[in-house]
Structure formats: structure tokens, C-alpha cells
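Trainee: I would be grateful for a close look at a single part of this structure. Please describe one site and its surroundings in a connected account.

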Amino acid sequence: MNSTVLYNNFYFNKYDRKKYNYSDNRKGSPLNFLACMLKGECKIVSNENTIEVKEGEVFYIPKGLPYESFWYGHDDISFLSFGFDRLDTSDSMQPKLQVIECSEALHRRIVNLSVNDTSCKTLAEFYGIMAELLPIMEQKEAKRDELLIKEAVSYLRFHSECSVPDIARAIHISEPYVYVLFKKHLGTTPNEYRQKLICEKGRQLLLSTNKSVEEISELLKISSASYFRKLLKKHTGMTPREIRRESMF
């Protein structure tokens with residue numbers, strides 16, 4: 001049985017599995033993951049490196065990394081997983097796939113971190129833990145393509161109405177190469193990714209304001225409320241009314 005919290009860009013989870021499991025994530029990790037093996041062991045294989053995680057160890061999987069994972073144990077397998085979208089590090093250096101050797105006190109804080117909420121208190125504790133872990137984590141030097149896709153995504157976040165030519169000009173590459181970057185690193189097109197960002201912003205506005213669907217569509221610079229509804233249904237599987245109803249529970 002899994003205990004899971006998914007809120008915006010966080011995915012906190014406790015996994016319980018039986019004896020042996022295999023996961024295929026060769027399309028790339030959707031988030032950064034800090035995790036702790038409670039029971040059992042695992043092996044994570046990527047094109048960059050391979051790690052073997054023993055019971056009790058803390059490990060890290062970077063966002064976008066294609067990998068396969070093999071989980072095994074004499075009895076049950078159990079681990080904590082804290083997924084998050086953003087990491088406050090320099091663009092040129094990023095933590096790699098790794099087992100992290102941390103102090104007993106820090107390990108205890110990770111194990112005691114709640115997977116049942118993403119309140120300000122929980123997130124503050126989580127990022128406090130990350131702030132202590134980052135200086136002791138192994139870093140990899142980001143490749144040019146990785147820096148470019150980060151620039152492209154950052155530009156899109158602040159200019160969600162932009163076109164592919166706009167992105168190309170902003171990061172000084174050709175339009176065809178913009179498509180190559182998004183397909184290679186995110187497995188999607190620039191327009192699909194832009195739509196997802198619009199839906200993310202739209203969902204936040206639906207949950208945090210009482211603005212009408214028409215007003216939100218205008219704020220997001222979407223052509224019509226009906227198109228906004230269509231995008232939401234496509235990328236979240238929900239209508240505006242269903243999203244707002246969800247916030248009532």
C-alpha cells in the first residue's frame with residue numbers, strides 16, 4: 001500500500017512492495033527524488049552510472065535522468081521517496097545519481113519527514129534537509145544541451161504565450177534545435193510543454209482565487225474559455241469545476 005501526496009511540483013510517497021520489483025524509467029525521471037531505503041535493497045542503472053542501495057541508505061535521482069531500477073529483498077521492500085521539481089543549484093553543476101553518506105541525525109530527520117502532507121512546515125523541513133545534503137553530494141558538470149533546455153524551460157515559465165521562434169531567439173539557437181532539445185530531454189514538443197505550464201498556472205488560479213474561467217483564460221492569454229477547458233481536460237483529466245471541487249476536501 002502506498003501513502004502519497006501530490007501537490008503542484010511535489011510528490012511525497014512511501015512505497016511498500018513485495019520481494020522483487022522492476023521499474024522502467026528510461027523516458028527520464030519526471031522530478032528530482034531524494035529517497036531512503038527502509039527495507040530491502042535496490043540497484044539503479046543509468047547511462048551515466050550505476051548505484052546499489054542497501055537497507056537504511058539515502059539516495060538521490062536527478063530530474064530527467066533515464067534509468068532502470070531493480071528492487072529486491074528477503075521479505076517486503078519499503079522506501080520513502082520525496083519528489084520535487086526545482087533545486088537551488090548553479091546551472092553548471094548538478095547533483096548526480098548517487099548514494100549519500102549522511103550523519104545519523106540527518107538520516108533520522110529524513111526518515112521522520114512526513115509523506116502525508118506538503119504543508120509549509122513539512123516543505124521547510126524538507127528544504128532544510130536538502131540544504132545540508134547539497135554540500136556533501138557529488139556533482140556533475142552540466143552539458144551544453146542540459147543548460148540550454150533549462151534556459152528554454154525557464155523562459156517558457158515566464159512567457160507561456162511565446163512561440164518556438166521566441167524561444168530560439170531567447171536562448172540563441174535555431175528553431176529546429178528547440179524541437180530537438182525538448183524531444184531529447186523532456187520527451188515532448190515545446191507546444192505540449194507550454195500547454196502543461198498553462199494548465200499548471202490555470203489550476204493554481206482555480207484553487208487560489210474565485211475568478212471565473214473566462215477571467216483566468218484572459219489572464220493566461222488563452223484565446224477562449226472553451227479552449228482553456230479543453231487544455232485542462234487533456235493535461236489534467238479534469239474540468240475547472242472538478243478541480244475546484246477537489247479543493248473542498
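Mentor: Let us begin with a pair of side chains: those of Asp-85 and Lys-63 are joined by a polar contact of 2.3 Å. Please keep in mind that this is a predicted model. A polar contact of 3.1 Å also joins the side chain of Asp-85 to that of Arg-157. Asp-85 itself is found in the loop between strand E7 (67-84) and strand E8 (93-95). Is Asp-85 buried or exposed? Its relative accessible area is 10%, and because buried means under 20%, Asp-85 is counted as buried. Leaving aside residues up to four places away in sequence, Asp-85 touches Asn-9, Leu-31, Asn-32, Lys-63 and Arg-157.

One of these neighbours, Asn-32, deserves its own description. Asn-32 belongs to strand E3 (residues 32-39). Asn-32 has a relative accessibility of 7% and therefore counts as buried. The side chain of Asn-32 makes a polar contact of 3.0 Å with the side chain of Tyr-60. In addition, a polar atom of the Asn-32 side chain lies 2.9 Å from the backbone nitrogen of Lys-63. Lys-63 thus appears in both descriptions: its side chain is joined to that of Asp-85, and its backbone nitrogen lies 2.9 Å from a polar atom of the Asn-32 side chain. With residues up to four places away in sequence again left out, Asn-32 touches Tyr-60, Ile-61, Pro-62, Lys-63, Phe-82, Gly-83, Phe-84, Asp-85, Arg-86 and Leu-87.

We may now return to Arg-157, whose side chain is joined to that of Asp-85 by the polar contact of 3.1 Å. Arg-157 is one of the buried residues of helix H3, which also include Asp-145, Glu-146, Leu-148, Ile-149, Ala-152, Val-153 and Leu-156. Helix H3 (residues 144-158) has 15 residues. From its first C-alpha to its last, helix H3 reaches 22 Å, close to the 21 Å expected at 1.5 Å a residue.

To review the site, Asp-85 is buried and touches residues including Asn-32, Lys-63 and Arg-157. Two polar contacts between side chains have been described for Asp-85, one with Lys-63 at 2.3 Å and one with Arg-157 at 3.1 Å. Asn-32, which is also buried, has a side-chain polar contact with Tyr-60.

Methods
Residues are numbered from 1 along each chain as its sequence is written. This is a predicted model: local features need pLDDT of at least 70, side-chain atom pairs count only at pLDDT 80 or more; totals for chains, interfaces and linings use all residues. Side-chain values use heavy atoms; hydrogens and water are left out. Helices (H or I, at least four residues) and strands (E, at least two) are DSSP runs, numbered from the N terminus. The expected span of a helix is 1.5 Å times one less than its number of residues. Buried means under 20% relative accessible area, exposed over 50%, partly exposed in between (1.4 Å probe, protein chains only). A polar contact is a pair of N or O atoms within 3.5 Å; within protein, one must be able to donate a hydrogen and the other to accept it, and residues adjacent in sequence count only if both atoms are side-chain atoms. Contact means heavy atoms within 4.5 Å.
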